[in-house]
Protein chains: 2
Amino acid sequence: MASRIVIALGGNALQKQGEASAIDQQKEAVQTARQLVPLIAQGHQIVIVHGNGPQVGDILLHEEAINTSENPTMPLDSCGAMSQGSIGYWLQQAIGNELKKQGIDMPVATVLTQTVVDSADVAFQNPSKPIGPFYASESEARTAAEARKFVVKEDSGRGWRRVVPSPMPKSIVEKPVIEELINKGYLVIAAGGGGVPVVETDDGFKGVEAVIDKDMSAAVMADMIDAETLIILTSVDAVTIHFRKPDETALHRVTVEEMQHYCDTQEFGAGSMMPKVLASIAFVQKKRGRRKTIIGSLDKVQQSIAGETGTIIS
Amino acid sequence: MASRIVIALGGNALQKQGEASAIDQQKEAVQTARQLVPLIAQGHQIVIVHGNGPQVGDILLHEEAINTSENPTMPLDSCGAMSQGSIGYWLQQAIGNELKKQGIDMPVATVLTQTVVDSADVAFQNPSKPIGPFYASESEARTAAEARKFVVKEDSGRGWRRVVPSPMPKSIVEKPVIEELINKGYLVIAAGGGGVPVVETDDGFKGVEAVIDKDMSAAVMADMIDAETLIILTSVDAVTIHFRKPDETALHRVTVEEMQHYCDTQEFGAGSMMPKVLASIAFVQKKRGRRKTIIGSLDKVQQSIAGETGTIIS
């Protein structure tokens, strides 16, 4: 049965460890496309929201490598937009080619997306997300921070890095065009990297140097277009509790209340599974009974949709 | 009277000499938006095709600055897609904000675009467009060329650089989505930098390392969506003949035949005005009587559309 689905695709669904070249990432995009096409072929209305962690990190390192008045380093919002360009291109080409090869007549479109965040978000008072290069020393980091007006912190014993805020997404500026296109039968790639973070000012939208969790943006997208299903694809087959303990248990069908309980008892890693679970809860609890979130792996997306595997929160 | 219009916007409509920062380019985008909004407000169906010369050059220099297996230099097609992301973001934000400020309810969308070129295009046998950094010497250039499998040439006495092919655009892959959106009242930004160049293979579309003239792509776009008007905006108010001679004359209303004659007598610079004139002729001559091309400056776009200034080819 056809329904409206938002798929959140991890940034490492495209970039594997040590395989960061465009050719490697494009090969990976072809694999991703092959795994998604059977689902797409069922005739659902689909929006793909992809991550950009490794890719925007790479762009930022390149941008930081030259910073002259003739060729200045681009700020994070522009780098995010750049990553929407490159990743969107790789994905739309790979998926478009695969659909054509399988005789499926479904056009693909990548929509450049801005995501609104609240300038009063507490995240702006406490930048916490490390990005860009490691500095050689604390003093070098502090000098850079002063000159460029940003915040640096020590990153898990690995050295000093710039940190940026990770505010919560509030809405997707390009929601109307995305909905227009899925209604017309397009497969839409949008809100890449969570979308370019913008705040509302008296002069209109304005980019901010921040990163947005792409699963949270996918949940906001799914809510705004009133999707039935949010699929968060990651590297594991299901969410587990008692992680890495003898009684580790994979969750299959769980309620919002159960998931909330596991959050409260800190079952999930703050940087990894927690945001996915919180995004799932946020999406489902707004329309109980109608919505579900599936957290599972890309290579089992078919079985997950069929309810055979993955963690299904409803 | 409302009509369908393709606007080709020079890459330097965003980046002025020595003002390459994102802030400067975004300020420039706001100026560009202010000049375009009165035209947009007339209710035309509009597609904006922007150049990316200075921007993709800057991206490429950054990309060339680091080339390791962990963080490899991105190829030209991916860099082009990146520039569609950043420039599209700046433009769509600036135009969207300006429309809102003036109380005009018109949504803006940037569509990531691939442009098909012919793998048998003679340009692939004779790469001629210089891009990226200057090498310190001919031998360094030749070593890089051998290692990275590309072609280098001496660039107008300024040093050795990589050269890439500049094939003719044949068609726009994302034409259906672009047409869908303008029909629905969207202002569409598409085929940035002429579009990412792709060739058709047995496996589908595949990116190639080439650059496409954005005016030529704009002409192909205008033809494919059957626009009435192609507006090529540049830094001069009109096309002139006898350039920089005592009898220099600005052309106001000219026929395709007259323009073709001036081309044959080599009135126009190969790297500057010639491609604009050729793009104009290609677009107009396919549907005489119905189509026109205007070549003029951004700050007089209103007068040009009204037929008061600019060079009008019909």
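Here are some short exercises, each with a worked solution, on a predicted model with chains A and B.

**Exercise 1. Find how many residues each chain gives to the contact, and how much area is buried there.**

Step 1: Start with the residues. Chain A gives 55 residues to the contact, and chain B gives 55 residues.

Step 2: Turn to area. About 4,200 Å² is buried between chain A and chain B, and carbon and sulfur atoms give 56% of it.

Step 3: Look for the main contributors in chain A. His62(A), Tyr89(A) and Leu112(A) lose the most area to chain B, together 17% of what that side buries.

**Exercise 2. Describe the polar side of the interface, then the elements behind it.**

Step 1: Count the pairs. There are 27 residue pairs in polar contact between chain A and chain B, both residues being at pLDDT 80 or more.

Step 2: Name the elements. Those giving two or more residues to the side of chain A that touches chain B include helix H1 (22-40), helix H2 (53-65) and strand E3 (108-111) of chain A.

Step 3: Pick out the largest share. H3(A) supplies it, with 15 residues on the side of chain A that touches chain B.

Step 4: Sort that side by residue type. It divides into 23 nonpolar, 20 polar and 12 charged residues.

**Exercise 3. Work through the salt bridges, across the interface and within chain B.**

Step 1: Begin at the interface of chain A and chain B, where four salt bridges are found.

Step 2: Take a pair that joins the chains. Glu180(A) forms a salt bridge with Lys184(B), and their closest N and O atoms are 3.8 Å apart; the cut-off is 4 Å, so this pair qualifies.

Step 3: Widen the search. Over all chains, the whole structure has 42 salt bridges.

Step 4: Look inside chain B. Arg34(B) and Glu98(B) meet through their side chains in a salt bridge, 3.4 Å from N to O. Arg34(B) lies in helix H1 and Glu98(B) in helix H3 of chain B, so the pair ties together parts 64 residues apart in sequence.

**Exercise 4. Work out how chain A and chain B are related.**

Step 1: Superpose the copies. A rotation of 180 degrees, with 0.0 Å of shift along its axis, places chain A on chain B with an RMSD of 0.0 Å.

Step 2: Draw the conclusion. The two copies are therefore related as by a two-fold rotation axis.

Step 3: Compare the surfaces. Of the interface residues of chain A, 100% are also interface residues in chain B, so the copies meet through the same surface.

Technical notes
Residues are numbered from 1 along each chain as its sequence is written. Chains are lettered from A and ligands numbered from 1 in the order in which they are written. This is a predicted model: local features need pLDDT of at least 70, side-chain atom pairs count only at pLDDT 80 or more; totals for chains, interfaces and linings use all residues. Side-chain values use heavy atoms; hydrogens and water are left out. Contact means heavy atoms within 4.5 Å. Buried area is the accessible area (1.4 Å probe) that two parts lose on being put together, summed over both. A polar contact is a pair of N or O atoms within 3.5 Å; within protein, one must be able to donate a hydrogen and the other to accept it, and residues adjacent in sequence count only if both atoms are side-chain atoms. Helices (H or I, at least four residues) and strands (E, at least two) are DSSP runs, numbered from the N terminus. Ala, Val, Leu, Ile, Met, Phe, Trp, Tyr, Cys and Pro count as nonpolar, Asp, Glu, Lys and Arg as charged, and the others, Gly among them, as polar. Copies are superposed by least squares on the C-alpha atoms of residues with pLDDT of at least 70 in both.
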